[in-house]
Amino acid sequence: MRFLGLTYLGAILAFLYLPIAIMMLMAFNQSPLYELPFTFDLVWFKALAGNERLLTAGWNSVWIALVSSAIATSIGTVAALGLARNEFTGKRFLQLMLFPPITIPWLIIGTAMLIFFFWTGVGRGLHAILLGHVALSLPYVIVVVGARLATHGPELEEAAASLGARPAQAFFRVTVPLLAPGIVAAGMFAFAVSFDQFIISYFLAAPGTSTLPVEIFTAIRKGFTPEINAISSIVIIISMSLVLVVSRFYRFGGER
Amino acid sequence: MPGAEKHLRVTFLVAPAYLWLALTVFLPLAVMLFFSFLTAVPVGGREATLTLQHYVSFFTKKIYWYNALRSLELAAYVTLACVVLGYPVAVILTRMITGRAREAIFLMIILPFWTNALVRTFSWTMVLRGPFDIIFTYPAIVIGLVHAYLPYAVLTIYVSLQAIDERLIEAARALGASKRQAFMRVMLPLSLPGVLAGVFLIFIPVTGSFMEPRILGGKDAIMLGPIIESQFTATFNWPLGAALSFMMLAIILLMLALGYPLLQRHMER
């Protein structure tokens, strides 16, 4: 029974990782038509180094993920504090409002943003993508930081205040250090959400300038080369390393 | 702290985040709803009048309602496959593996789900064109989507299985239940909230998927998601695309409304 179970688990893990492994392997294969036998070569990474279009898109993806996660983490953390440390009418409503952006399919949100930004004159382009990515990350940040806040009550801040700390002192020297693991995890979460986002970026990208996933999609539809495997492998490795780092900061349950 | 001052402080804290959400998610959805009742996009001095024609088209033109049903059918297949494949994984994780090994395998299962969905879908084109050669077929779409959403099923079922008190199963066994009976009468019913949560988390995004069908499906890719996408990127009939988006949202809300009492009933037990 145990043997059967472990075999099944192995098969599922193989199913999850096999396509990714094959894609990475093909990035190092010499043949432009994905033909075997496998001949190790870095030709596709060299080609990638000269591909201005993909590199620019890659750089756009990185800075948009950095800026959007910085914005989402700061205003999201502040909102989580407002929600967690106060009781007020409408609090339940505000908490419920976090779910539509997470649950409504991105196709619908993306097309709505396209229509709205176009109609109001905000237009398409990297700035529109940035606006959209912050919105997508915000609910995650508020939920993750909120979960961390729920693990300890306001007693420590109150103790600091009764010992003479000003509100700002209590905030920066008690609340922030306590929240730090949650904030770091939320920030990396937000980075991952933005860095991997395709659908919203696809609708909001202006012709010619876009993020990496959009460029990859365009390239796939035009008929792809192992260059795409090379850049895709790099993208996968970045995301996976990021999640491994997050998992050291944050267990998906709130406590460390 | 006086009430008014506290109110001001809370407003100050939550306003930036919620204003951002209002201006980039909720207001756009409201505007899109309005556009779905217009004959044209009112930009650049174009005449636009109110109409129901796009919603009428959805019900009268076969291409729309039929492909909406195809999207639901796809979502049903993918959800079923994820639950059937994922349930044993969750059981094995909770009952056969412990400690650090469990943590490591759990992480390995959710890791791909945090990587780029587009790139993962692309990676299947290598496998499916090779020895099996089923690329650009309906099964290819199902395989790609199951690969993308299986971790959701494992995650939600695992969480509910972990919450089950081990002693309940031991009690059933001590009272003479066979392993099968203990599973069917104790473990399975207690884990249903997790299964249902997984069903929702998978069914909704798969109904709205367009990228996976586009990359893996070839001519089998014609479903509601890709049809909506093409209204915005190819044929530029935005009001029709908006109406179709809202029909999709309505279908999803209907599914949620039908499923919610079921979920609630199992939560209360």
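This is a walk through a predicted model, chain by chain and then across the contact between the chains.

Begin by selecting chain B on its own and colouring it by secondary structure, which shows 11 helices and 0 strands. Followed from the N terminus, the elements of chain B run α-α-α-α-α-α-α-α-α-α-α. The radius of gyration of chain B is 23 Å, well over the 18 Å that the globule rule gives for 269 residues, so chain B is more spread out than a compact globule. If you turn chain B along its principal axes, its C-alpha atoms fill a box of roughly 75 × 70 × 35 Å. Of the 269 residues in chain B, 42% count as buried, and among the contacts that join residues at least 6 apart in sequence, 70% link residues at least 24 apart.

Next, bring back chain A and select the residues on either side of the contact between the two chains, where 60 residues come from chain B and 62 residues from chain A. On the side of chain B, at least two residues each are supplied by several helices, among them helix 1 (3–35), helix 3 (62–95), helix 8 (179–207) and helix 11 (238–268). Helix 1 of chain B is the one to highlight here, since its 18 residues form the largest share of the side of chain B that touches chain A. Coloured by residue class, that side of chain B divides into 46 nonpolar, 11 polar and 3 charged residues.

Now hide chain B for a moment and select the two domains of chain A, domain 1 (1–41) and domain 2 (45–249). Their centres, taken over C-alpha atoms, are separated by 31 Å. Where the two domains of chain A meet, 8 residues of domain 1 are in contact with 7 residues of domain 2, and the domain 1 side of that contact has 7 nonpolar, 1 polar and no charged residues.

Finally, show both chains and select the largest nonpolar core, which has 148 residues and in which Phe189(A), Tyr149(B) and Leu244(B) have the most contacts. The largest share of this core, 14 residues, comes from helix 6 (residues 138–162) of chain B. Domain 1 (1–41) and domain 2 (45–249) of chain A both give residues to this core, so the core lies between them. To close the tour, centre the view on Phe189(A), which, leaving aside residues up to four places away in sequence, touches Tyr140(A), Val144(A) and Val246(A).

Definitions and conventions
Residues numbered from 1 in each chain as written. Chains lettered and ligands numbered in written order. Predicted model: local features only at pLDDT ≥ 70, side-chain atom pairs only at ≥ 80, totals over all residues. Helix = DSSP H or I, 4+ residues; strand = E, 2+ residues; numbered from the N terminus. Nonpolar A, V, L, I, M, F, W, Y, C, P; charged D, E, K, R; others polar. Core = buried A, V, L, I, M, F, W, Y, C linked by C-beta atoms within 7 Å. Buried ≥ 20, exposed ≤ 12 C-beta atoms within 10 Å, placed from the backbone. Domains from an automatic or database assignment. Rg over C-alpha atoms; globule rule 2.2 N^0.38 Å.
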